[in-house]
Amino acid sequence: MSQGPRSGLYAVSSALLAMSRHLEVRDVLKTIVASARELLDAEYAALGVPDDHGGFAQFVVDGVSDAQWKAIGPLPRQHGILAAMLQEARAERLADVRKDPRFEGWPAAHPDMSDFLGLPIRDGDDVIGALFLANKARRPGDRPADSARPGADGSCGFTEEDEELLTILAQHAAIALTNARLYERSRELTIAEERSRLAHELHDAVSQKLFSLRLTAQAAATLVDRDPSRAKGELQQVAALAAEAAEELRAAVVELRPAALDEDGLVATLRTQIQVLDRAHSARVTFGSRGVRALPAAQEEALLRVAQEALHNALRHSGAARVEVTLDKRGPGAVLSVADDGTGFEPKAIRSAGRHLGLVSMRDRASGVGGTLTVESAPGKGTRIEMEVPGG
């Protein structure tokens, strides 16, 4: 490469370090493609992960705008040069991909390509991806490149050295991609284990109370006619047991710390969850954050749980058309606000068990990490719940 061995080695090292920083498969794929394109001075780069049906489960590109990619259409099939890389498991270096007898054309919106370098990404004997580059950048003063398969000018812009560098990158890409897949599988197993643990906890903590509730209700039913006074007492006990069971259920559910909070941080976790809620509900749910950095783990979890509880109330009970969530820096700490334009309520007068327990739980969470919780609401005026934590 015209950059010279020292700068080329540095570029390879930088690319490998970039790949090692990511654990999510999609992020790893994007990093591999961007690193390959930059390392070999290509105009376009792409990486496809094959599925079991003749297509690609994932296909990541670099050098193509979002508008171009949308106009190109569905993911490509495994045919032509792509199929050769996946089936024959060898590198392909072409002076002009359009003149290769295996070329089968591309969609009208597809960018024009000539120089081509592609090779499979292998994990042992398995081909787990196809990585390719197109349109090598030619700098003034570059010597003519060697010819892989003669094209219009008899030469290929990508050299043997380029192929060697891309081979090194592909070998490490296989490791990074395999590790990312193992991480995601491990995460799935962790979630499954947590669900199993939760099921056992729910059974142990709630089933006894539900059994007592059923017996008490049956006793009340037999006493209604002959001893109304005692029946009333039994029904009051039913209400108390139901409230205890609901609180046990809530405690078991909110105990779990989301894996995403540890991996992605509070801001990213909130943003992702709110995007899901925005798609799932008719109300418009938005999120904004300014200047917030990492907080102590207990404070981040408390903020997340309060946000979830407040969002649940707003989306299930308030009839709001819009819910706005913000998380902003305040001194060394942060302040969370969840505001809706729903029906509102009188905080001092609220007696509904679910809403009341929700407010108590939020206050307990705030005070448990040294924070404060304020609730502003009035009938017909919407609701704003604000929680402030002190930071580290």
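This is a short tour of a five-stranded sheet, the helices that pack on it, and one serine elsewhere in the model.

Before you start, note that the model is predicted, so to speak of local features a pLDDT of at least 70 is needed and side-chain atom pairs count only at pLDDT 80 or more, while totals for chains, interfaces and linings use all residues. Residues are numbered from 1 along each chain as its sequence is written, and side-chain values use heavy atoms, with hydrogens and water left out.

**Stop 1: the sheet.** Select strands 1 to 5; helices (H or I, at least four residues) and strands (E, at least two) are DSSP runs, numbered from the N terminus. They form an open sheet with the order 2-1-5-4-3 and antiparallel pairing; two strands pair if DSSP finds at least two bridges between them. Strand 2 (56-62) and strand 3 are at the edges with a single partner strand each, so one side of each has no neighbour in the sheet. On average, neighbouring strands are turned by 15° against each other, direction ignored.

**Stop 2: strand 4.** Now select residues 116-123. Six of these eight residues are buried, so strand 4 is largely enclosed by the rest of the structure; buried means under 20% relative accessible area, exposed over 50%, and partly exposed in between (1.4 Å probe, protein chains only). Three antiparallel bridges pair strand 4 with strand 3 (residues 92-94), and glycine 118 is the bridge partner of glutamate 92. Toward strand 5 (residues 126-136) there are eight bridges, again antiparallel, including the one between leucine 119 and leucine 131. Two residues lie between strands 4 and 5 in their hairpin, where glycine 124 takes a positive phi near 70°.

**Stop 3: strand 1 and a helix.** Strand 1 (residues 42-50) runs antiparallel to strand 5, joined by six bridges. Show alanine 46 and you will find phenylalanine 132 of strand 5 opposite. Next, add helix 2 (residues 25-39), which packs on the sheet and touches strand 1, strand 2 and strand 5. Contact means heavy atoms within 4.5 Å.

**Stop 4: serine 377.** Finally, jump to strand 9 (residues 372-377), where serine 377 is found. What is the relative accessibility of serine 377? The value is 16%, so serine 377 counts as buried. A polar atom of its side chain lies 2.9 Å from the backbone nitrogen of phenylalanine 345, and one lies 3.0 Å from the backbone oxygen of glycine 382. Leaving aside neighbours within four places in sequence, the contacts of serine 377 include Gly344, Pro347 and Thr383.

Note on methods
Axes fitted to C-alpha atoms, helices over the stretch in contact; angles between N-to-C directions. Polar contact = N/O pair within 3.5 Å; in protein donor to acceptor, adjacent residues only side chain to side chain.
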